[in-house]
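Me: I'm new to reading protein structures and would love a close look at one part. Could you walk me through the place where the two domains meet, and then show me how it fits into the rest?

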Amino acid sequence: MSDQKFSTNALHAGHDVTVNGGTRAVPIYQSTSYVFNNTDHAANLFSLAELGFIYTRLNNPTNQILQDRLAAIEGGIGAVVFASGTAAISTGLMTLLKAGDHIVASSSLYGGTYNLLNVTLPRLGITTTFVDASNPSNFAAAVQDNTRAFFVESLGNPKLDVLDLKGISNEAKEAQVPFIVDNTVATPGLLNPIEHGANLVIHSLTKYIGGQGNSLGGAIIDAGTFDWANGKFPEFTEPSAGYHGLVYHEALGAPAFTFKLILEGLRDFGGALSPFNAFQILQGLETLPVRIKQHSINALDLAEWLENREEVAWVNYPGLKSSKYNDLAKEYLPKGQSGIVTFGVKGGFEAAKKLTDATKIFSLLANIGDTKSLIIHPASTTHQQLNEEQQQSAGVSQDLIRLSVGLEDIEDLKADLEQAFAAI
Ligand SMILES: *Cc1c(COP(=O)(O)O)cnc(C)c1O
């Protein structure tokens, strides 16, 4: 299946119609648990002598189809789904790391991820150095003896910085740590981080992959390329106290981390995806290839239009020739630059708030990647808890407005912004 192209995989990968009773649509297996044939069968499943479903906190047939499909479209060897993108990130990092470990991360991250790394994980003894990600050597310079991961977003939300993924992945290889890339904004429709050296890819499925704003979900896709036996990760090469002495690397090989995510991450932290949400997200994923193209076309059109408005101080979209990320966008995002546009309104904080209050088609809410157009003023909402210096390194200025450009007619979107500009 994974030899096939993206659009085909988005529709078919993981779903064997002969196994699922001939159902053309993926069925929802809304069951918490699975009947064992007998006690020996149950014992084999628990000891991994045989693979199968035990309990939906660990896995579920509907979720498994979503996992296989995500692995296929990102080019990984396995994937695990979670209740949200945040559950994917926190469970992934807590499965990978322990107290005393250190992360090097881009300073322009999704606000929730930034807080996890900056405030919550340090409480558990896991610290992060945030670096200006525009230069890969900044990652190398921040590496310590206890560094165990690099973490970035391929297209930062909301800074929209396109990173030199190849350069950063080379530094991660040099440091012998996994390179983790949150690919939520770019989506596998525009960029596959594994092709550029990512070892683990993260998605908030809530955004473009689900795409209709109805279901939370998250995923980690494992490239299967990281050498867990390099000496820095004894949890993979020594018997695991958490799974009756299992030596992950020896017993499971390349997908060792995928298994650890299920056997320890989901078992102990419990952030499992509801099968109903997996179903909704699969419906969305089927049309991701066509949606993400149109989101990109609409966003570029609107960004160019905004650049010519006198009420606008600046526009940031990596597809614009004026963007300082345009060269990197040509290299990493040649098929389109996704649907997020940010811009500054003349008049600063107050004018930005007024404009945000005045739109009628653009909905004021804290989400991205919906088919419907969305607007938010991050300085007063999503990034309100950060101080001004932190806001700046996250790329959030007082006048910044973030648009998630939807699939409405582009002329209606322009008219909506035009009447909102008139209102300020
Ligand atoms: C939304 C988002 C997340 C968090 O995902 P949730 O599904 O909201 O928990 C993580 N990373 C990025 C880039 C996001 O946009």
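**Where the two domains meet**

Reply: Happy to! Across the interface of domain 1 and domain 2, 13 residue pairs are in polar contact, with both residues of each pair at pLDDT 80 or more. That score belongs to a predicted model, which is what you have in front of you.

Let's look at who supplies the domain 1 side. The helices α5 (111–123) and α7 (165–175) each bring at least two residues to the side of domain 1 that touches domain 2. The biggest giver is α5, with four residues. Sorted by character, the residues on this side of domain 1 are 14 nonpolar, 15 polar and five charged.

Now step back to see which stretches are meeting. Domain 1 covers residues 6–284, and domain 2 covers 290–423. Their C-alpha centres are 29 Å apart. At the interface, 34 residues of domain 1 are in contact with 35 residues of domain 2.

How much area is buried there? The size of an interface is often expressed as the accessible area that is lost when the parts come together. For domain 1 and domain 2 the buried area is about 3,000 Å², and carbon and sulfur atoms give 59% of it.

Charge also plays a part in the picture. Side chains with opposite charges can pair when their charged atoms come close. Between domain 1 and domain 2 there is one salt bridge. Try finding Lys166 and Glu331: they form a salt bridge, and their closest N and O atoms are 3.3 Å apart.

For the whole structure, a search gives 10 salt bridges. One to compare by eye is the pair Glu264 and Lys260, whose closest N and O atoms are 3.0 Å apart. Both of these residues sit in helix α10 (residues 256–269), four residues apart, which is about one turn of the helix.

While you are exploring, have a look at the ligand too. There are 14 residues around the ligand, and Thr86, Asp182, Ser204, Thr206 and Lys207 come nearest. The side chain of Thr206 has an N or O atom 2.6 Å from an oxygen atom of the ligand. For Ser204, a side-chain N or O atom is 2.8 Å from a ligand oxygen. With Gly85 the partner is a polar backbone atom, 2.8 Å from an oxygen of the ligand.

Finally, here are two backbone details to hunt for. Most residues other than glycine have a negative phi, and most peptide bonds are trans. The bond joining Asn157 and Pro158 is a cis peptide bond, with omega about 5 degrees. You will find Pro158 in the loop between β4 (147–153) and α7, and α7 is one of the helices you met on the domain 1 side of the interface. His244 is not a glycine, yet its phi is positive, about 25 degrees. Look for His244 in the loop between α8 (234–237) and α9 (248–252).

Terms used: Residues are numbered from 1 along each chain as its sequence is written. This is a predicted model: local features need pLDDT of at least 70, side-chain atom pairs count only at pLDDT 80 or more; totals for chains, interfaces and linings use all residues. Side-chain values use heavy atoms; hydrogens and water are left out. Domain bounds come from an automatic or database domain assignment. Contact means heavy atoms within 4.5 Å. Buried area is the accessible area (1.4 Å probe) that two parts lose on being put together, summed over both. A salt bridge is a side-chain nitrogen of Lys or Arg within 4 Å of a carboxyl oxygen of Asp or Glu. A polar contact is a pair of N or O atoms within 3.5 Å; within protein, one must be able to donate a hydrogen and the other to accept it, and residues adjacent in sequence count only if both atoms are side-chain atoms. Ala, Val, Leu, Ile, Met, Phe, Trp, Tyr, Cys and Pro count as nonpolar, Asp, Glu, Lys and Arg as charged, and the others, Gly among them, as polar. A residue is near a molecule or strand if one of its heavy atoms lies within 4 Å of it.
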